[in-house]
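Please open the structure in the viewer and keep the sequence panel visible. The tour proceeds by selection, with a remark on what is found at each stop.

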Amino acid sequence: MPSMTTSKVSRWDQHGREHIVRVRRAGVQRSLVCDTCGWRRGAQFLPWLKAEEHLAEAHQATLDPSAES
Ligand SMILES: [Zn+2]
C-alpha cells in the first residue's frame, strides 16, 4: 500500500465512487486540487487534513479505500 509520503488523498462516497484530491508541493506551500470538481486550495500545514475535509463536505466521501480490513 502507499507509503506515508502519499501525494493524493482518495475517499469513496456511499455510492462507491472514488474522489481524489491531489497534493502538490511548491516550496513550503502545498496546493490541493480536487479531481472531481476542480476545487483548489493552498495549504501550508496539514494539507491531507484539508483534503479530507473537502472530500467529506463537498462529496460526502469519507470511506478510506486503503483502510479495508
Ligand atoms: Zn471536489
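Select V9 and display its surroundings in this predicted model. Leaving aside residues up to four places away in sequence, V9 touches V21, V23, W48, A51, E52 and L55.

Next, reduce the selection to V9, V21, L32, A51, L55 and A61. These six residues constitute the largest nonpolar core. Over the whole chain of 69 residues, 16% count as buried.

From that core, keep L32 and add R41, the residue of β4 that stands opposite L32. Then extend the selection to residues 29–34, which form strand β3, and residues 40–43, which form strand β4. The two strands pair in the antiparallel sense, and four bridges link them. Together β3 and β4 form a hairpin, with five residues between the strands. Within the turn, select G38, whose phi is positive at about 80°.

Now move to V28, which lies in the loop between β2 (18–26) and β3. Is V28 buried or exposed? It counts as exposed, because it has 7 C-beta neighbours inside 10 Å, and a residue with 12 or fewer falls in that class. Add Q44 and display the C-alpha distance: the atoms of V28 and Q44 are separated by 6.4 Å, although the residues are 16 apart along the chain.

Finally, colour the chain by secondary structure. One helix and four strands appear, in the order β-β-β-β-α along the sequence. Of the contacts between residues at least 6 apart in sequence, 38% join residues at least 24 apart.

Conventions:
Residues numbered from 1 in each chain as written. Predicted model: local features only at pLDDT ≥ 70, side-chain atom pairs only at ≥ 80, totals over all residues. Pairing = 2+ DSSP bridges. Core = buried A, V, L, I, M, F, W, Y, C linked by C-beta atoms within 7 Å. Buried ≥ 20, exposed ≤ 12 C-beta atoms within 10 Å, placed from the backbone. Contact = placed C-beta atoms within 7 Å.
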